[in-house]
Amino acid sequence: MSKKTVRWGVLATGGIASSFTADLLAMRETDGAEVVAVASRTTATAKAFADRFGIPRAYGSWAELATDEDVDVVYVAGPHSAHRVAAGMCLEAGRAVLCEKAFTLNSREAEELVAVARRHDRFLMEGMWMYCNPVVRRLVELVRDGAVGEVRTVHADFGLAGPFAPEHRLRDRALGGGALLDLGVYPVSFAHLLLGEPDRVQADALLSPEGVDLNTGMLLGWDSGATALLSCSITADTPITAAVTGTKGRIELGRGFFYPDRFVLHREGAEPEEFTAGVDSRHSLQYEAAEVMRCLRAGEKESPLVPLDGSLAVMRTLDAVRDRIGVRYPGDDNWTPASSR
């Protein structure tokens, strides 16, 4: 094998962990990915996952995975409420970490996690796979090269119809439930990718009896005059599309904008241009895995595609949105929302 093998551990056994593990296994021969261990809260659950994917070791605690010296990097795939503890444990034990989005419950936890990584000189990256997608990367290049002129508006939405029962994790306040952290992080991150951290944040939402957001609209503003109109929902099947419009044109991404295989550039006086990059959108998680392994082989402590300062900025914006709509989680003790933004 031409590439040095990178040995992965998987922390949690839910749906996204299954998808990511399947993509890693498909990368073994071509990219040198190997899944060597999995951990869950119970040995039985970890063993069932290990048997399903042919993983050698199954642990009934996160600490056992964190201290496994045969693991190079841990993929943290549990609920948002567990990210700070789980990822921090792995970093302190010497493991590199890819941590699912939303990065943490709030910006305070995110800052703590980044501080742990930097103190221990360990690699850490948020699992914002959209940023690693070659089609999205090409879109960003075009925007930065002035293909649409000066950016004026960004539109993006992500909504699921549900309905989700009160006991579902998406409505579980203790787990950081609601539309914003699970789905809204994509539209917010898309706007950040193109415009950076906003100067102003406005938001409104429909809240559940449990106190999580069911349907949220956001208006972000920049001193440049640009605005972003974003929404997320766990009560409505929205288009799940995105667009960026500038003074000279616009770029449109179709349904599933955060794992695209193409986009269309519209410019005045010209025929629409379709851009593709040979992307297999069904396995887009491979692109973030490949970026993690590239960084580890190069000795980099964070990814230039998903920089930690960018992840912190997104968390500050999510904090500001929650402050506006009145959503707080049990893990928000000592949390000061970014209400001054």
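1. Second largest pocket: in this predicted model, the second largest pocket holds a volume of about 280 Å³. Its lining counts 15 residues, and Tyr131, Arg144, Leu193, Pro304 and Leu305 sit nearest the centre.

2. Who builds that lining? Helices α7 (134-144), α8 and α10 each put at least two residues into the wall of the second largest pocket. The top contributor there is α7, with 5 residues. Sorted by class, the lining comes out as 8 nonpolar, 3 polar and 4 charged residues.

3. Now the largest pocket, which has about 750 Å³ of space. Here 31 residues form the lining, with Ile16, Ala77, Gly78, Arg169 and Asp182 closest to the centre.

4. On the helix side, α1 (15-26), α5 (80-92) and α8 (179-195) each give at least two residues to the lining of the largest pocket. It's α8 that gives the most, with 3 residues. The class split for this lining is 16 nonpolar, 10 polar and 5 charged.

5. One helix pair to look at: α6 (residues 107-119) packs on α10 (residues 308-325) at an angle of about 165°, and the axes are 8 Å apart. Angles over 145 degrees count as roughly antiparallel, so α6 is roughly antiparallel to α10. The α6/α10 crossing is left-handed.

6. For the residues behind that packing, α6 brings Ser107, Ala110, Glu111, Val114 and Arg118, which meet Leu308, Asp309, Leu312, Met315, Arg316 and Asp319 of α10. By class, the α6 contact with α10 has 5 nonpolar, 1 polar and 5 charged residues.

Notes:
Residues are numbered from 1 along each chain as its sequence is written. This is a predicted model: local features need pLDDT of at least 70, side-chain atom pairs count only at pLDDT 80 or more; totals for chains, interfaces and linings use all residues. Side-chain values use heavy atoms; hydrogens and water are left out. Axes are lines fitted to C-alpha atoms, for helices over the stretch in contact, and angles run from 0 to 180 degrees between N-to-C directions. Helices (H or I, at least four residues) and strands (E, at least two) are DSSP runs, numbered from the N terminus. Angles under 35 degrees count as roughly parallel, over 145 as roughly antiparallel, 65 to 115 as roughly perpendicular and the rest as oblique. A crossing is left-handed if the near helix is turned anticlockwise from the far one by less than a right angle, and right-handed if clockwise. Contact means heavy atoms within 4.5 Å. Ala, Val, Leu, Ile, Met, Phe, Trp, Tyr, Cys and Pro count as nonpolar, Asp, Glu, Lys and Arg as charged, and the others, Gly among them, as polar. On a 1 Å grid over the protein atoms alone, a cavity is a set of points where a 1.4 Å probe fits but cannot get out, and a pocket is an open set with protein on both sides within 12 Å along at least five of seven lines; lining residues have an atom within 4 Å of a point. Grid points are joined across faces, edges and corners, and a volume is the space filled by probe spheres set on the points.
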